[in-house]
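Here are some short exercises to work through with the model open beside you. Try each task before reading its solution.

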Amino acid sequence: MGQPSLPPPPIAPPPPPPPMPQRAQLGVSDSGGCRVRCAGCKMVLTVLPGMTEFVCPACQLPQMLPPELMRSVSTHPAQPPPQRTGPAHGIDPTKIQLPCLNCKAVLNVPHGLLRFKCPQCNFIVDLSLPGQFMPPMAPPPPPEEVNEVAIEVEREEDEGGLAGETFTDYRPPKLSIGPPHPDPVVETSSLSAVQPPEPTYDLKIKDELESSNALSCLQIETLVYACQRHLQHLADGARAGFFLGDGAGVGKGRTIAGLIWENWQHGRRKAVWISVGSDLKYDARRDLDDVGATCIEVHALNKLPYSKLDSKSVGIKEGVIFLTYSSLIASSERGRSRLQQLVQWCGQFDGLIVFDECHKAKNLVPEAGGQPTKTGEAVLDIQARLPEARVMYCSATGASEPRNMGYMVRLGLWGPGTSFSNFRDFLGEMEKGGVGALELVAMDMKARGMYVCRTLSYKGAEFEVVEVPLDSKMTDMYGKAAEFWARLRVELLTASAFIADEKPNSSQVWRLYWASHQRFFRHVCMSAKVPAVVRLSEEALADGKCVVIGLQSTGEARTEEAVTKYGSELDDFISGPRELLLKFVEENYPLPDKPPEPNPEDSVIELPIKRHSAAPDVSFAGRVRKAAKWDEESEEESEWQSETDTESENESDDEFQICSVCNSEEERKKLLQCSVCSQLVHPACLIPPVVEVVSGDWSCHSCKEKTEEFLRARQAYYEELLKRYDGALKRKLEILEVIRSLDLPNNPLDDIIDQLGGPEKVAEITGRRGMLVRASGGKGVTYQARNTKDVTMEMVNMHEKQLFMEAKKLVAIISEAGSAGVSLQADRRAMNQKRRVHITLELPWSADRAIQQFGRTHRSNQASAPEYRLLFTNLGGERRFASIVAKRLESLGALTQGDRRAGPSLSAYNYDSVFGKRALGMLYRGLMEQEPLPVDPPGCSSQEPDSIQDFILKGRSALVSVGIIRDSGVGNGKESGKFSGRIVDSDMHDIGRFLNRLLGLPPDIQNRLFELFVSILDLLVQNARKEGHVDSGIVDIRANKIELQGTPKTVHVDSMSGALTVLFTFTLDRGMTWESATALLEDKRHDESVSSNSGFYESRREWMGKRHFILALENSASGAYKIIRPNIGESIREMPLAELKDKYKKSSSIEKVRAGWEGEYEISSKQCMHGQNCKQGNYCTTGKRLQEVNVLGGLILPVWGTIAKALSKQARQSHKRIRVVCIQTTADNQRIVGLLIPNAAVESVLQDLSWVQDIDDE
């Protein structure tokens, strides 16, 4: 009780007293601290100087100073606090403030006074009495009124704005050299908001290019910025590099050729061009010729010896060395590598190194547990060895994930002089920042002049996801195949149990089993789509179009194995799944070792010697096994050793030779010695006595009996081992026969080519060397090489491409081998200008490959844009492959397209996410009955618990059959009938494994499990969206009026490029006037299809004595209702009719609606929806019509650490996230893309950045 301003802790906090004047609640104490009234118990507390957060000692409520006091403290931190002339109203600081237990009045009680009378109600208070010293707990105050509409608006604001225009037309903003590009080129809206630095480099080949029109204006822009960047050096001394991220088909090859030609003019006569395929050397030669660099030789490194390139024997002094990434990591038998050869040739090199299609160098920094690729390490190594080289990274997909940027060390995004000490730090922050952080990386690189990224306009291109349901025959085939794989797993487990040396759960057999399992069902899924591919192709051909079919795997390995096994003439096409199964079982079915047949010539001596040599504690079975496994050499050695030992012993013990029967040394020369136990005996002492002469080895009677017993046991054990071996072999042969009898589909590639007219009508651009072709008579197929006498194998793909472009073949099939660099668009220069229909039979494993494949048919100078048909079956598990691609496409858009919303969206299929992993864990725990399922399984109802239990049993059995649930069984005793099993921790959140294994289940349970997983995922995403925890990437901030307030502030200047980091402050008016709302409703009513439910509504509940009013308009496309509020205009989320009627009622009085609408419109200009007593004070913007928004634009990465630190201190969870926004002023359409800085964090950001200066408007 020594602190006069603190009440004794035992006293229960009273209910709030009547409101007092403002100055009685807040004040500055004489000691320099602040005096405030506790927000919970209303006690007056003294807060020490400099303290902004504290805990009330009476009610233990954590709280902080009101904003106005904090602002006064931070504004004048060095000034002494103003002195008060007296204490707060009604408070005596020399006494203790205690409540009257009767009237609740706060009394000033002198120290030590235990008994007193309340001057207000005359109640006698005696603190010495227990009942009064610790009075019963007062009833809790009524719960604070919760404004549900305010919560809903707050969630919408946390989620972000609407996704706006994705692309904008592109033209070089600061250069006007060269002709326009032959096709419309676009840039994403986020990148277009960033200006590149001023061009200062003067091209030597500018006049030549302007006269020849060889390069377009945007290609020339790339040359200027690349050369300008190459004049700079990073903080570590290495020359800065450039990243060309143009989309497929824009013309990167010709741009590279122009850069080589520019460097040639400066005397840099050596260049290294690394790409993905050796046949692209011809494209490189063509591109150099097109820009006028006909004098520059192109040398294919794979055709050259490993000796010095500039030696007399090779003689390459200058020119372009063209090589593939495979060649970069190659080495000769003598250990000389191509990398060493290149570094030696370059010498003191300041020329150009082009990493074309540089996404091949990804995985330098793999996921946890993985190993870096040799290609990634080699790309890093050559850059380190040639620090002065002018490096150019070139790929449409080079930065699909920040992890894949590890080799781009010349961009200077991490390392000395940056916010990130190394790539690991950079990667960690990017992954923490989500999609928004990736978008900022692209914008930063463009602002610093190291990155350009344009793409051909997709205007006219069509994307369609075609779901191909399995027909009854394929469904039956799939179900039987799934059952067979489950039986095969049991067979392998059973067979492995007989082999003691094997560990079946961790052996190589099981890794091969699951790999083959995945490949098998992936192959079957692809085969199921063949009829749809043929149908779509025939329809396209009938419409006067041509067809490009994309797949990844050709099945060449299975075909070649079958041809080797069966010959080159077969009855029908090879079934890839069948051959895969046959190979797996033939090579991996666990057979016990076949026991060697006992040698009938084993002597009586040898066998007992083996028996005695066994350890006495070894079991009989163990001894027999050892005997059966001895080879001939070891037997001879053992026999020789025994004889030697015996002779030595005989020599040393010669004088002690006595008969073991009569113990006599007489007639030593007649003694017989047992060749087994070595004991000596007189012939006459034996019963019966031995009378004939013993010429050879002799054994005593007991040893003879033991030898015969040993031989019988060995024979029996041999027969048992042989029986087991024969049984296992018989079972293996039976399994192989079952596989041969299964009705499995043929190789899809051969099947499609055959159904579309054969090789005469279908151009094949793949990596396989041979193919199966149907015989001329129609019966049987023959294996033949793809090339002919006139066309080499190296040129066969180029030849097939030419036939397609000349319209001699109207169908082309491309695999991954043909997905890089090959142009199959409707080129205006080609004879075949028919519109392309691009069908993806098999979706690539990654978005990198998907973009490469899509880019084969969508390129510059095309007569028409292609139609894309992405085929999926209706099997849930197959979406695994779409999931991988969708995940990469989202971040791919961020880094290689500048905005994740760009390009075709497959996000509906993205399950490999944080929410997907959480949903999978909930699914597993529900099926294991560790917790209830959050949603009803498909086909089940919570009203029928038996249906849910039945599904759980089926789902659990399915997961057991594909190895997700391990060590399964049914309990005994007290646990009788209870299921037991486990799912290892590594599987609990492994989406890939779940979807892979799902493929191996019969279609019915596969789809039901998948639907349950998706339902749980949708629920989690929906809840997270409501709570504002979903990363929205770039969102547009929209309002009826947006104005730039004041002069932007420069907070950082990049020392190398001069790019700025600028803080912009905008004022927004988001509301909608009554006149605008009524006009909008009238416009809708003119539409005859408008619903009668559209109109003005009022909330069913009141908050602070008022109701909220909205305008609801039906969206005919979705069936939900757009909600328009007077304070924030149109809401992001549409509301279902049921929810609308539950929360609101349609208003019949238009005057009442008008008054309420105009009142809310007016009051929302000054305060938030929480009212005057909002705990966040002026910082709260929930539902506020007039807002102040701060956006940090320009260069962000150099100040990343400062911003992240400031945001981490924010109270609201949504304010802690990196949020990238796009905002455009309504008056002059000035667009800014940058980080949204919460108002409460602005001061902290500015202080940490330490300096602020006005932008010079001039």
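## Exercise 1: A serine in a loop

Ser575 sits in the loop between strand S22 (569–570) and helix H18 (576–588). This is a predicted model, so treat each value below as computed from it.

**Task.** Decide whether Ser575 counts as buried or exposed, and find which residues it is in contact with beyond its neighbours within four places in sequence.

**Solution.**
1. Start with the cut-off: buried means under 20% relative accessible area.
2. Ser575 has a relative accessibility of 4%, so Ser575 counts as buried.
3. Now look for its partners, leaving aside neighbours within four places in sequence: they are Leu744, Pro745, Asn746 and Asn747.
4. Finally, zoom in on Pro745: its backbone oxygen is 2.7 Å from a polar atom of the Ser575 side chain.

## Exercise 2: An open sheet

**Task.** Work out the order of the seven strands that form an open sheet with parallel pairing, and name its edge strands.

**Solution.**
1. Trace the sheet across: the order is S14-S15-S13-S16-S17-S12-S18, and the pairing is parallel.
2. The edges are strand S14 (298–300) and strand S18 (451–452), each of which pairs on one side only.
3. At the S18 edge, two bridges join S18 to strand S12 (residues 242–244), and the two run parallel.
4. For a residue to click on, take Phe243, whose bridge partner in S18 is Tyr451.
5. Then add a helix to the picture: H11 (residues 338–346) lies across strand S13 (270–275) and strand S15 (319–324), running at about 155° to S13.

## Exercise 3: Two positive phi angles

**Task.** Say where Asn861 lies and where Glu929 lies, then sort Asn861 and Glu929 by burial.

**Solution.**
1. Recall the background: most residues other than glycine have a negative phi.
2. Asn861 is not a glycine, yet its phi is positive, at about 65°. Glu929 is likewise a residue other than glycine with a positive phi, near 60°.
3. Asn861 belongs to the loop between helix H25 (847–854) and strand S30 (867–873). For Glu929, the place is the loop between helix H27 (914–927) and helix H28 (945–961).
4. Asn861 has a relative accessible area of 18%, so Asn861 is buried.
5. Glu929 has a relative accessibility of 44%, so Glu929 counts as partly exposed.

## Exercise 4: The whole chain

**Task.** How many helices and strands does the chain have, and what share of its residues is buried?

**Solution.**
1. The count comes to 37 helices and 45 strands.
2. Of the 1258 residues in the chain, 51% are buried.

Note on methods. Residues numbered from 1 in each chain as written. Predicted model: local features only at pLDDT ≥ 70, side-chain atom pairs only at ≥ 80, totals over all residues. Heavy atoms only, no water. Helix = DSSP H or I, 4+ residues; strand = E, 2+ residues; numbered from the N terminus. Buried < 20%, exposed > 50% of the residue type's maximum accessible area, 1.4 Å probe, protein only. Pairing = 2+ DSSP bridges. Contact = heavy atoms within 4.5 Å. Axes fitted to C-alpha atoms, helices over the stretch in contact; angles between N-to-C directions. Polar contact = N/O pair within 3.5 Å; in protein donor to acceptor, adjacent residues only side chain to side chain.
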